[in-house]
Every structure is written in structure tokens, then in C-alpha cells.
Amino acid sequence: TVNMMIQSALIIILIVLVANMMVEIKNLQGTARVINYAGLVRGATQRAVKLEVIGNSDDELIEYLDDVLADLKYEDGEYNLVSLRDTDYQKKLDIQIDYWGKLKNEINNVRENGVDNSDIVDMSEMYFSLADQTVSAAERYSEDIADNIHFIETITVIDMAGLLLLIIIQMIQAIIIVRKNKVLEQKAYLDAHTGLPNKSRCEEVFHDLRFLDRNV
């Protein structure tokens, strides 16, 4: 029937919506980690530069920054980060990574020739700005995912409301059919004027072997 077809379609749509919502929620969780680590890179790089300026180098910190940036880009590192499927974010991340290479070269220059003969402070500020743009791009992407989840939630509620309404309609129709069947049964076996069993009902009773057995 048409109602069954509509109900099946609504159920299929609901399954698809729930599946998409689960995927988007997983993406949102991954994006949150990316934003967190991208922010850590932004701050940790400033700390690494300050240490270089005062002559207290920290190679482990620089290696940590290399690993996090690689994980942000290729999602195959130890920090279980995801590579966001967003063009603007990827473009800004590439620019940041490229400038990080230049900043590391300047760090080596500081170690060899001293801070007075370098542009490490200005480059550090520039890098901070680039890292900030990367974080902002990731945040915008996260907001887009949140908007998608909200949209899916709205469509899901509408779909579930439609499904519930259809079930209620089917229940009402079933009740109406039951009542009509009772009316038809009464019309078939009861006399409309007296309310007593009519000829058809009497013949049915007389031919009922169980009725005969009870009255033998």
C-alpha cells in the first residue's frame, strides 16, 4: 500500500540520516583534536624561539613540533590526528609548514652566529600569525560540521515526526476497520428491528456441530 511505501521510505531516510550524523560527530571530534594541537604548535613554537634567544636550545621541543605538524598534514603520526578535508585549512597549513622550515633554518643561524645577527624574532611573530590563521581555518571547518549536524538533526526530527504521524494514522485506520467489521457482523447476523439473531445466524447455529453436541 501507499502508506507502507511511505513508511519504508521514511525508515530508510532515518537510517541514512543517523549514519551521516555519526560520521559528522566523529569528524567533529577529530577536528577538535586538530584545533587543540594546532594551538599547541602555535604556542610551543614561541617558547622554542624564546629558548633559542636566551641560548637554551631545546631540540626535543623542535622535534615535537615537527611530529605534530607532520601528523596534522598526513594523519599518520603518534598523536592520532586527522587531516581535515578542507581546502582553506590545508592551504594555510602548507604555508605554515613551509615557513616553519624557514624558521628552523633561522634557529640554526642563531645557534651559529648569535641572535644579534638574525631575524628570528620578526620571523617568530610572522609564524605565530600564520599558525593563528591555520587554527582559525580549522575552527571555521569545525563550525561548518556543527552546522551540518544541526541540519541533520532538524531533518531527523521531521522524519521521525512524519513516521510517528504515519503510525498514528495506521492505528486509527485499524481501529476504524475493526469497528466497521463489528457493524457489518451485527448487520449480517442481527435483525435491524428486533436486535435478535436473524435467519442467517440461526441457520449457522443449527449447523454448528458443537452447538448440537451441547444440546444432545
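This is a short tour of a predicted model, stop by stop, with something to select at each one.

Before you click, note that numbering starts from 1 along each chain as its sequence is written. Because the model is predicted, local features need pLDDT of at least 70 and side-chain atom pairs count only at pLDDT 80 or more, while totals for chains, interfaces and linings use all residues; side-chain values use heavy atoms, with hydrogens and water left out.

**Start with the cartoon**

Colour by secondary structure and you get six helices and zero strands, in the order α-α-α-α-α-α along the sequence. Helices here are DSSP runs of H or I with at least four residues, strands are runs of E with at least two, and numbering goes from the N terminus. Of the 216 residues, 31% are buried (under 20% relative accessible area; over 50% is exposed and in between is partly exposed, using a 1.4 Å probe and protein chains only). Take the contacts with a separation of 6 or more: 66% of them are between residues 24 or more positions apart (a contact means heavy atoms within 4.5 Å).

**The core**

Next, select Val68, Leu69, Leu72, Tyr89, Trp100, Leu103 and Tyr127. In the largest nonpolar core, which has 36 residues, these touch the most other members. Such a core is a set of buried Ala, Val, Leu, Ile, Met, Phe, Trp, Tyr and Cys residues joined through side-chain atoms within 4.5 Å. H1, H2, H3 and helix H4 (120–189) each supply at least two residues of this core, and H4 gives the most, with 11 residues.

Zoom in on Leu72. Leaving out residues up to four places away in sequence, Leu72 touches Val34, Ala38, Leu81, Val82, Ser83, Tyr89 and Leu93.

Then hop to Thr45 in helix H1. Thr45 has a relative accessible area of 0%, so it is buried. Beyond residues up to four places away in sequence, its partners are Leu65, Trp100, Leu103 and Tyr127.

**The tyrosine cluster**

Show Tyr37, Tyr64 and Tyr79 as sticks: ring pairs link them into a cluster. Rings of Phe, Tyr and Trp (its six-membered ring) pair if their centres lie within 6.5 Å; planes under 30 degrees apart are stacked, over 60 edge-to-face, and the rest tilted. The count by this rule is three aromatic pairs. In one of them, the rings of Tyr37 and Tyr79 have centres 5.5 Å apart and planes at 50°, so the pair is tilted. That pair links distant parts of the chain, with Tyr37 in helix H1 (residues 2–53) and Tyr79 in the loop between H2 and H3, 42 residues apart.

Now add Tyr64, which makes an edge-to-face pair with Tyr79, at 5.7 Å centre to centre and 90° between the planes. Tyr64 sits in helix H2, 15 residues from Tyr79.

Which of these rings are buried? Tyr37 and Tyr79 both are. Tyr79 comes in at 15% relative accessibility, whereas Tyr64 is partly exposed at 24%.

**Along the loop**

Step along to Asn80, in the loop between helix H2 (59–74) and H3. Check the backbone: phi is near 55°, a positive value in a residue other than glycine. Asn80 counts as exposed, because its relative accessibility is 61%.

**Two stops on H3**

Select Gln90, in helix H3 (residues 87–113). Gln90 is buried, at 15% relative accessible area. Outside residues up to four places away in sequence, Gln90 touches Lys73, Ser83 and Leu84. Its side chain also makes a polar contact of 2.9 Å with the side chain of Ser83 (a pair of N or O atoms within 3.5 Å; within protein, one must be able to donate a hydrogen and the other to accept it, and residues adjacent in sequence count only if both atoms are side-chain atoms).

Stay on H3 for Lys104, partly exposed with a relative accessible area of 25%. What does its side chain meet? There is a polar contact with the side chain of Asp66, at 3.0 Å. Draw a distance to Val49 too: the C-alpha atoms are separated by 9.4 Å, though the two residues are 55 apart along the chain.
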